[in-house]
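Dear colleague,

Please find below the structure I promised to pass on to you. My notes on its domains and its nonpolar cores follow directly after it.

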Amino acid sequence: MKSRDRLRIAIQKSGRLADPARDLLARAGLSFRESRDRLFCYGESLPIDLLLVRDDDIPGLIAEGVCDLGVVGRNVLDEQAEERRARGQGDAFRELRTLGFGRCRLSLAVPQDWDWRGPDMLAGKRIATSYPQLLGRWLRARDIDAEPVVLSGSVEIAPRLGQADAVCDLVSTGATLVANQLREVEVIIESEAVLAGPAVDFIDERAELAALLLRRLDGVLRVQG
Ligand code: PRT
Ligand code: ZN
């Protein structure tokens with residue numbers, strides 16, 4: 001780990017987790033000077049800076065040591081952790097805290113006209129997903145041989161387009177599934193936004209800064225209930 005005397009936190013630039021992450025950090029007493037390009041925000045109240053990125057980049061930025069901490073969905077963090085394991089790489093990041101927003105679940109959904117009798121029905125079926133690792137792990141644990149169809153977006157429409165038989169996607173209210181005549185049948189993982197950090201402890205000034213930030217976050221999260 002390279003030595004640095006400021007802590008750098010990656011959060012989503014825009015999207016569902018962007019505002020709640022900023023609010024949480026503000027409530028923990030962090031303030032930032034906005035830069036014109038809005039990619040890097042210099043920390044004013046503490047030596048803790050922000051990097052505004054795509055959520056999918058956050059685990060990799062922590063693994064590379066470009067960032068020290070990140071606010072990201074457990075779905076993204078776990079998928080990339082599995083991906084590393086599949087490549088024979090060691091653990092590079094871990095979940096430090098759950099943050100209580102961005103709640104959703106990664107679920108399997110099938111066409112409403114299926115008479116669902118259990119996971120074995122998925123054998124030999126094509127399942128559209130953006131989470132092939134988490135889906136693959138769930139299928140392997142049940143010894144089900146199905147074919148993941150990896151799509152980066154518009155997963156729910158795949159059955160209607162004939163690209164897949166079922167889907168494995170994030171669900172919060174369930175409205176998107178219903179609009180696509182799909183029914184949620186199995187939950188693969190429960191997810192929410194988490195604070196992620198490196199697998200190893202900080203060794204320089206960042207250790208104390210991270211401990212201070214965690215103490216403050218714990219205070220905020222406790223009040224929030
Ligand atoms: O640009 P960038 O890559 O950073 O953003 P993104 O488009 O990949 O992510 P974004 O902002 O959509 O989501 C960020 C994170 O929010 C996700 O990784 C989850 O951890 C969390 N989250 C919480 C959700 C949802 N709820 C959610 N409902 N992410 C996506 N959805 C989508 C889902 O994919 C489906 O299309 O919303 C639709 C379903 O919603 P319901 O309410 O109809 O069930
Ligand atoms: Zn993304």
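In this predicted model, the domain assignment splits the chain into domain 1, which is made up of 7-102 together with 192-224, and domain 2, which covers 104-190. The centres of the two domains, taken over C-alpha atoms, are 29 Å apart. Where they touch, domain 1 contributes eight residues to the contact and domain 2 likewise contributes eight residues; on the domain 1 side, five of these residues are charged, two are polar and one is nonpolar.

Turning to the interior, the largest nonpolar core comprises 32 residues, and the members that touch the most others within this core are I9, V71, V72 and A196. Two or more residues each are supplied to this core by the strands β1 (7-12), β4 (48-53), β5 (69-73) and β12 (193-198), and also by the helices α1 (18-27), α2 (58-63), α3 (74-86) and α7 (205-224). If neighbours within four places in sequence are left aside, V72 has contacts with D55, I58, P59 and L77, and further along the chain with A193, V194 and A196. Another core, of 23 residues, lies apart from the largest one, and its members include L108, I127, L135 and V155.

As to how far the prediction may be trusted by its own scores, the average pLDDT over the chain is 96, with 99% of the residues scoring at least 70, while the model as a whole is given an ipTM of 0.99 and a pTM of 0.97.

With best regards

Methods:
Residues numbered from 1 in each chain as written. Chains lettered and ligands numbered in written order. Predicted model: local features only at pLDDT ≥ 70, side-chain atom pairs only at ≥ 80, totals over all residues. Domains from an automatic or database assignment. Contact = placed C-beta atoms within 7 Å. Nonpolar A, V, L, I, M, F, W, Y, C, P; charged D, E, K, R; others polar. Core = buried A, V, L, I, M, F, W, Y, C linked by C-beta atoms within 7 Å. Buried ≥ 20, exposed ≤ 12 C-beta atoms within 10 Å, placed from the backbone. Helix = DSSP H or I, 4+ residues; strand = E, 2+ residues; numbered from the N terminus. pLDDT = per-residue confidence, 0-100.
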